[in-house]
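Reader: I am new to this structure and would like to go through it step by step. Please show it to me before we begin.

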Amino acid sequence: MPKASVSKFFDSYACEFNEIYGDNNTFTHNFINRHFRKCMEIRFGKTIEGCDPIEGKDVIDIGCGPGQYGVILARKGARFVCGVDFSEGMLDLARQNAERHGVGDQCRFLREEFLTYEIDDRFDYAVVMGFMDYVQPPEDVVEKVLSITKRKAFFSFPAAAGFLAWQRKVRYKKKCDLFMYTQEQVQDLFRDTACRNVEIEQIDREFFVTAFVE
């Protein structure tokens, strides 16, 4: 489960994080995104594309942050989006983003600890982007996500190797816990699940996982 330090970090980081998906077109902003946040752009596109068909479908976004995934899926026709996060600062931005884009009635954003949050419904799609970086134990998260998913679940896992991984570990050392994975560890997490198929693809400094539940 995420510690209070994680929630505190993302409360302070909420506005800056929201700008990653915003329309700031300055040279510096574009350079940073192109060279250091490439995987975020790729995983965003792959997730939105993977949630097709979306019309009339339900989505849960775990670690929803400022709600960018849920808002665009609602705009594309999702019937209902449930966003779960442990940062109130992020959730405030998510609600504002949903209202600004006219999908406030389709979206609900909740401050909850995912592993202890009782979820009775099942969703067509589950989005778990940038969440596995901060929670333990990963086995429990994967199991619970799959248990509430009807069609497909999308995960990102930060790769343990490489210069950017080392740089990120140093940067986060005094801020909050950070968990990284090898490809073998990611494979092991899904090996004994009930998924009919699991695709694992390395994109830049992350592993992007598509778990087919149907």
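Author: This is a predicted model. One residue pair makes a starting point: Tyr125 stands opposite Lys152, a residue of strand 5.

Reader: Which strand do five bridges join to strand 5, and how do the two run?

Author: Strand 5 covers residues 149-158, and its partner here covers residues 123-128. The two are joined by five bridges and run parallel. The partner is strand 4.

Reader: Which helix packs on the sheet and touches strand 4 and strand 5?

Author: The helix in question also touches strand 1 (58-62) and strand 7 (206-212). Its direction makes about 155 degrees with that of strand 5. It spans residues 138-147 and is helix 6.

Reader: In what order do the seven strands form the open sheet?

Author: The pairing in this open sheet is mixed. Strand 3 (107-111) and strand 6 (197-203) each have a single partner strand, so they stand at the edges. The order that places them there is 3-2-1-4-5-7-6.

Reader: By how many degrees are neighbouring strands of this sheet turned against each other on average?

Author: The value ignores direction. On average, neighbouring strands are turned against each other by 15 degrees.

Reader: At about what angle to strand 3 does helix 5 run?

Author: Helix 5 is made of residues 88-100 and lies across strand 2 (80-85) and strand 3. Its angle to strand 3 is about 170 degrees.

Reader: Which residue forms a salt bridge with Arg43, and is Arg43 buried or exposed?

Author: The closest N and O atoms of this pair are 2.5 Å apart. Arg43 lies in helix 3 (residues 38-50) and its partner in strand 7, so the salt bridge ties together parts that are 163 residues apart in sequence. Arg43 is buried, and so is the partner. That partner is Glu206.

Reader: Arg79 and Asp58 also meet in a salt bridge. Which of these two counts as buried?

Author: Their N to O distance is 2.9 Å. Arg79 lies in the loop between helix 4 (68-75) and strand 2, while the other residue belongs to strand 1, so the pair ties together parts that are 21 residues apart in sequence. Arg79 has 52% relative accessibility and therefore counts as exposed. The residue that counts as buried, at 13%, is Asp58.

Reader: Which residue is linked with Glu88 and Arg95 in a network of salt bridges?

Author: Glu88 and Arg95 form a salt bridge with their closest N and O atoms 3.0 Å apart. Glu88 is partly exposed at 26%, and Arg95 is partly exposed at 31%. The third member of the network is Asp92.

Methods:
Residues numbered from 1 in each chain as written. Predicted model: local features only at pLDDT ≥ 70, side-chain atom pairs only at ≥ 80, totals over all residues. Heavy atoms only, no water. Pairing = 2+ DSSP bridges. Helix = DSSP H or I, 4+ residues; strand = E, 2+ residues; numbered from the N terminus. Axes fitted to C-alpha atoms, helices over the stretch in contact; angles between N-to-C directions. Contact = heavy atoms within 4.5 Å. Salt bridge = Lys/Arg side-chain N within 4 Å of Asp/Glu carboxyl O. Buried < 20%, exposed > 50% of the residue type's maximum accessible area, 1.4 Å probe, protein only.
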